[in-house]
Amino acid sequence: MPGQRQTLDSLDDAQRAVVEALEGPVVIYAGAGSGKTRAITHRIAHGCNTKIYDPQKVLAVTFTTRAADEMSLRLSALGIRNVATRTFHSAALRQLKYFWPKAIGGEIPKVIDNKFKVLSAALEKTSLATSKNSIREYLSVIESAKTNRLDTDSITNPDHASAYQAYIDFTDKNNLIDFEDVLLLLVAVLEDGEDFADEVHQNYQWLTVDEYQDVNPLQQRLLELWLGENRNICVVGDSAQTIYTFAGASSKPLEDFAKKFDDANVFRLNRNYRSKPEIIDYANKLLAQMPASNASVGSLMATKPAGAKVEVLPFVSDSAEADWIAQSIVDLLQSGQKETDIVVLARINSQLELIAAALEERGVDYWLQTGERYNLKSRLEPKITLATIHATKGLEWENVFIVGASDGYLPYVQADSDEEIAEELRLFYVAVTRAKERLFITWAQSRENGGRDRIKSRFITRIDSELSKTANDETVFAPSKERQNYRKELMRCSICDKALVSGTEIILQRCKSCPSSTPSEYLEAAIVWRTTQALMEAIPEFLVLSNATLEAFVDALYEAKTEEDCILIPGLGVEKCARYFDDLATVLAAVKPSDPKLIDLKS
């Protein structure tokens, strides 16, 4: 049949073996870039084409909407429709809504879209700390407790237990549930109602699970209930890419799959179709630092022709690092690279602020990822992507910059145990394997010029030092004489005329040693306003305005600059200026109502 030939002809031998194993338990250990999505979608298509599978009784689950949509698109391209390709949460929510009238009755609670706001409200009448860091800590505990099916009595820390109980009381009172509750409730429905479980088993007879190394105990229990006595399950994953253990994920179900199903078909995909050999070689050197695992493919095998060397670059300061990255991006764009071909990856969001400022200085548009795994926008948007490593699992770019690769960031300072350090190594490996053509790894010796308080990542130190280059001077990144003249003419301190070298200094138009003429209480009021604004918009504060942009905005308003003047502040622009000008002006005018400097702002 033509459909079957289309399904099989484009596969390598290992992928084809996966596709032809249509029945019984199957486990696929798939290395980065090895075509796992191709393999599992072709497997489903082949099963449907051969009439072994009924498309309407196939369920393929993964962890992100993007991944689920991609599976659906690939199946459609193979002529297969009506297969349910969903995230765990969307699949569970559909089933919970279906069973709710019969299993529980009444109106199904509203699903929370912002747990931070809900917990903040729940804690208002308690004596618990309500700082952003405290709320994030409580949420982490609550999510972990739910994924492990623990009640408040199991929480040993009194503040954590109280926060958990306050959250439960608030959500119950307001008829709210979160995504963990969706899974918990569905598990309870299927455990308690044999008829409901039987209906699921009748509706879904072939189950495929992508990224199985990231399953948590609650999701694993739901999978078991979906499967029942059925043995037609295919799981795919790679223990070397387990990077969500902080959220309860564990590669143990993947590692133990062949023990649980002793007749399972076991496949390993290690041919990498994404990256140049030099990048694969670097990734393999990271793999060599990991403990052996039966749930990993071992070394990756390159399939592409040779390319450029991986560059590991130290810098004297964070600002020098940011400026080099920004100018390198400009150079890539001028050489014909597309914006969507470039990404800057960091361990944590705050590392990206200087990069953003340096890009703004150069007039380069970018999109800054917020949140973690479930929030990354489509890469079809024509902008440079700045993102945390956690948010980019499963994605790929032609050119990848990994910023801040020093001990304290990679591995992160809070990683103490051997298990936590091992996870940081896996995170670095995931970052490296996002790159297709060029890979740049950078780190700064200090936060500011002249310091030497950091060392490069221990993971890099273990790799051949020949890849490293000498530290770069932060003033050499001008691609032309015109660019140099531009820097000389425009990038000087408005107070002392010293050359400005960092993105922050350029935004403020003054060097770090020259203080602002704006009284400090105005900036303090603006910071409080930004915190409130961030909570209202449910975004990090630096996405409202970065520290440097906020300070420059306050300076401009204190000097009674017009909205047209403020639009020119890097990081503000037309849209943000229109959105925030009046609000912030009103806030500042209220700091000292008698201050003649701000009379114009109150009128």
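What follows walks through two β-sheets, the helices packed on them and one helix pair in a predicted model.

Start with the sheet that holds strand β7. Six strands line up here in the order β3-β2-β6-β7-β1-β8, forming an open sheet with parallel pairing. The edges are taken by β3 (84–87) and β8 (265–269), each of which pairs on one side only. From one strand to its neighbour the turn averages 15°, direction ignored. Helix α5 (residues 88–103) packs on this sheet, where it touches β2 (58–62), β3 and β6. The direction of α5 makes about 110° with that of β3.

Within this sheet, β7 (residues 233–237) is worth a closer look. Five of its five residues are buried, so the strand is largely enclosed by the rest of the structure. That goes for both faces: I233, V235 and G237 are buried on one side, and C234 and V236 are buried on the other.

The two partners of β7 can be taken in turn. On one hand there is strand β1 (residues 26–30), which pairs with β7 in the parallel sense over four bridges. In that pairing, I28 sits opposite V236 of β7, while Y29 has G237 as its bridge partner. On the other hand there is strand β6 (residues 206–209), also parallel to β7, with three bridges between the two. Here T208 stands opposite C234 of β7. The link from β6 to β7 involves a helix: together with α11 (residues 217–227), these two strands make a right-handed β-α-β unit. C234 and V236, which share a buried face of β7, thus turn up on the two pairings just described, C234 facing T208 and V236 facing I28.

Now for the other sheet. Again six strands form an open sheet with parallel pairing, this time in the order β11-β16-β15-β12-β14-β13. At the edges stand β11 (311–315) and β13 (366–368); each has a single partner strand, so one side of each is left without a neighbour in the sheet. The twist from one strand to the next averages 20°.

Towards the middle of the strand order, β12 (residues 342–346) and β15 (residues 397–402) pair in the parallel sense through four bridges. V343 is found opposite V400 of β15. Helix α16 (residues 418–432) packs on this sheet, touching β12, β15 and β16, and its direction makes about 130° with that of β16. Helix α13 (residues 277–287) lies across β11 and β16 (435–444), running at about 50° to β16. Strand β16 is therefore a shared contact, touched by α16 and crossed by α13.

Helix α15 (residues 353–361) has a run of buried positions, namely I355, A356, A357, A358, L359 and E361. After the helix comes G363, with a positive phi near 70°.

Last comes a helix pair, α20 (residues 520–537) and α24 (residues 573–589). Their axes come within 10 Å and cross at roughly 135°, and the two helices are therefore oblique to each other. The crossing of α20 past α24 is right-handed. On the α20 side, the contact involves Y522, A525, A526, W529, Q533 and E537. These meet R579, Y580, D583, L584, V587 and L588 of α24.

Methods. Residues numbered from 1 in each chain as written. Predicted model: local features only at pLDDT ≥ 70, side-chain atom pairs only at ≥ 80, totals over all residues. Heavy atoms only, no water. Buried < 20%, exposed > 50% of the residue type's maximum accessible area, 1.4 Å probe, protein only. Pairing = 2+ DSSP bridges. Right-handed = clockwise from strand over helix to strand, strands pointing away. Axes fitted to C-alpha atoms, helices over the stretch in contact; angles between N-to-C directions. Parallel < 35°, antiparallel > 145°, perpendicular 65-115°, else oblique. Left-handed = near helix turned anticlockwise from the far one by under 90°. Contact = heavy atoms within 4.5 Å.
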